Amino acid sequence: MNDYNKPLPVKQPWSEEFWKGTKRRKLLIQHCNDCGKNIFYPRKYCPECWSSNLGWIESKGTGTLFSYTVTMYGVEEKFMADLPYVIALVDLGEGIRVMSRLVNCRHEDIKCDIPVKVVFEDMTDEFTIFYFEPA
Amino acid sequence: MSRGKLAIVGIGEVATGWYPDRTEWDMIYDTCIEAIRDSGLGKNDVEGVISVNPMAQPKLQGEIGFGKVPEELGLKGCKDICIVNAGGSTTTNALRLAEHWIQSGIAKTVLIHHCTKHSSIPIDEAIRFFATAGIDLQWEYPFGMTYNALIALSMTRYMHDTKTTPEEMASIVVALNKWAQLDPLSMNRKPVTIEKVLASRMVTTPLHAFECNRLGDGASAMVVTSPELAKKLTDTPVYKLGEAVRYTQATITQRTDREGIRKAVSDAAKEVLKEAGITLKDISILELYVAYPLGIVNLLEGLGICMPGEAGKFIMEGNTSPGGKLPVSTMGDAVGRGHTGSGVGTATYVECARQLMGRAGERQVPNCKYILTNSAGGSGMNMIWSVFGRELK
C-alpha cells in the first residue's frame, strides 16, 4: 500500500473530514446547516450563503453516470500502468456531481445515465480514494 | 470597454513550427520588430509593452515579467510593462489593459506579444504541465485526469444527447485543416479527411489523436493605439468595436446546469453585437480560439447559428470552410495552426487583423468587414466575445 506512486489529493483543512470519511468507507457530502445546500467540492464557507455553519451528511453512494471517457493514451508515466482507465462524472442522488473513475466493468457496456454505486480503494495509509462501479 | 477606443495598426508573426535551434528571444526579437515596423512607428515611439504569459515556461515568464523586452529591443520610449495571465483569454486581457493605458494616457502606443517554445520543454514536463494546469489537484488529478479527458467527457455527453456522429465531429478537424492548408504560418498543413481523423489513434474516447492539439513553437505580436493616432499611421486600422464576457466555472463538476455555458455564450454575444451596433448577419468571419473541435460546436449553437445538436452537420456541409457561408477560424485554430499555449489566442487576433487589413493571402475572405472573435480560459471558465471592424461606426 505504501508503494503508491500516483498523485494524492492535495487537501485543504475543510476537506480533512471528507478523506477521513473515505477511510471509513463512507462518502461524505458537505452540507450547509443554514441554507440546507449540499456542497461539492467542500469549501471553507458555503458558496450559496457564506455560512461557516457547515456539517457533513453521508451519501447513499448511488447515482447515475453523467458522462465518461475511456482514456487509452497520452497520460503521465505514473498513470500508464492503469491504462486503459475510465474517467467518470457521476451525479449523486444527493444532487451533486463528482469526478471519479468507473471500475469493475466492461468498457463496451458503459453508457451515459447507467446507475452506479461507490466503491473504495486504499491508496496509502492516509488516503482512501472513491471510485464507482455499475450498480 | 466601449466602442472604438482601440485600434490594431501593426502585426508580426513567425510560422508555428518546431524550432529546437531557435531561442525564445530569437523569436521575440523577430515578431516584435516586425509588428513595430509594420505599424509605421519608430522603435522609441512604443510607450508600453504587454506580454502574454508563457505559462508552461517559468524561466521565460520571469525574464519577461521583470521587464526584459523593452531593454532587449531598445525601446527607449517605453514607460511601463506588464505580463498578463488568464490562460487562453490572456491576449483579450492584454488588449483590455492596453485600451486602459491608451485611454488613460499611460501609454499612447502599446506592443502586445507572445512567445512559447514547447520544443525546449522536456516531454514529461509538458505532459505534467497540461495535466495540472487547470485540473483540480484534489478532486480531479488523482483520478488520472487530463485536458484531453476533460474535453472528451463533455463530448461524450454532447454526442449522447444530440446523436451527433463521430463523422460529424471529425469533419470539424477537416474544416479547420482546410484553412490551415492555405496558411503558410500553420503547422499542420497536410490534408486530412474524415477517414484519417477516425483512423488516428484513440486518445480518450471519443477523442482521436487528430482531434487533439499538437504542440508547437510560436510567437506573434501586434501594436495597438488610439483610433485617432491609428488613422494617421495606416490606411488599414483595425478597430475594436465591442466586447462582452461571462464567467462560467473553473471545474467541470460545477457545470451541472446544462444550459450554463450556452447561456454564457449567448448572453455575452447579444451584448457585444449591441455594443458594436451590428447583427450576426453583418459578421464576415468567426475567429474562434477554442483548441478542441467541440468548442466550435458549443459556440455555433450558443450563438444560435445552429440549433442544439446541428452544428456538426452544419460544419460537415462545408459552411465554415474556405468558400463557405460563415468562415470559422481562418488559421485553423489550434488544431490546424499548432498549439502554442496562450499564443493561439494572440495569433487569433493577429489573424483577425490580417483579414480586416486585407492581407490574408489565399485565406482572405472577400469584403471582410466585421469579425466576431471568441476567447476563453482554462476549460471554458469565461466566454469573451469581441467585435473588430475596418471602420468606426
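Modeller: Let's fix a term before we start: a salt bridge is a side-chain nitrogen of Lys or Arg within 4 Å of a carboxyl oxygen of Asp or Glu. This is a predicted model, so local features need pLDDT of at least 70 and side-chain atom pairs count only at pLDDT 80 or more, while totals for chains, interfaces and linings use all residues. Residues are numbered from 1 along each chain as its sequence is written, chains are lettered from A in the order in which they are written, and side-chain values use heavy atoms, with hydrogens and water left out.

Biologist: Okay, which residues form the salt bridge between chain A and chain B?

Modeller: The count between the two chains is one salt bridge. Its closest N and O atoms are 2.8 Å apart, and the partners are Asp113(A) and Arg157(B).

Biologist: How much area is buried between chain A and chain B?

Modeller: Start with contacts (heavy atoms within 4.5 Å): 41 residues of chain A touch 31 residues of chain B. There are also 22 residue pairs in polar contact between the chains, both at pLDDT 80 or more; that term means N or O atoms within 3.5 Å, one able to donate a hydrogen and the other to accept it, with residues adjacent in sequence counting only if both atoms are side-chain atoms. Buried area is the accessible area (1.4 Å probe) that two parts lose on being put together, summed over both. Carbon and sulfur atoms give 63% of it here, and the total is about 3,300 Å².

Biologist: Now inside chain A: which residues of domain 1 lose the most area to domain 2?

Modeller: An automatic or database assignment sets the bounds, giving domain 1 (11-58) and domain 2 (61-135). Between them, the two domains of chain A bury about 1,400 Å², 68% of it on carbon and sulfur atoms. Three residues together make up 41% of what the domain 1 side buries: Arg25(A), Leu27(A) and Phe40(A).

Biologist: And how many salt bridges link domain 1 and domain 2 of chain A?

Modeller: Six residue pairs are in polar contact between these domains, both residues at pLDDT 80 or more. As for salt bridges between domain 1 and domain 2 of chain A, the count is two.

Biologist: Why does the second largest pocket lie between domains, and which ones?

Modeller: A pocket is an open set of points on a 1 Å grid over the protein atoms alone, where a 1.4 Å probe fits, with protein on both sides within 12 Å along at least five of seven lines; lining residues have an atom within 4 Å of a point. This one has 14 lining residues, with Lys37(A), Asn38(A), Phe40(A), Glu48(A) and Gln254(B) nearest its centre. Both domains of chain A give residues to the lining, so the pocket lies between domain 1 (11-58) and domain 2 (61-135).
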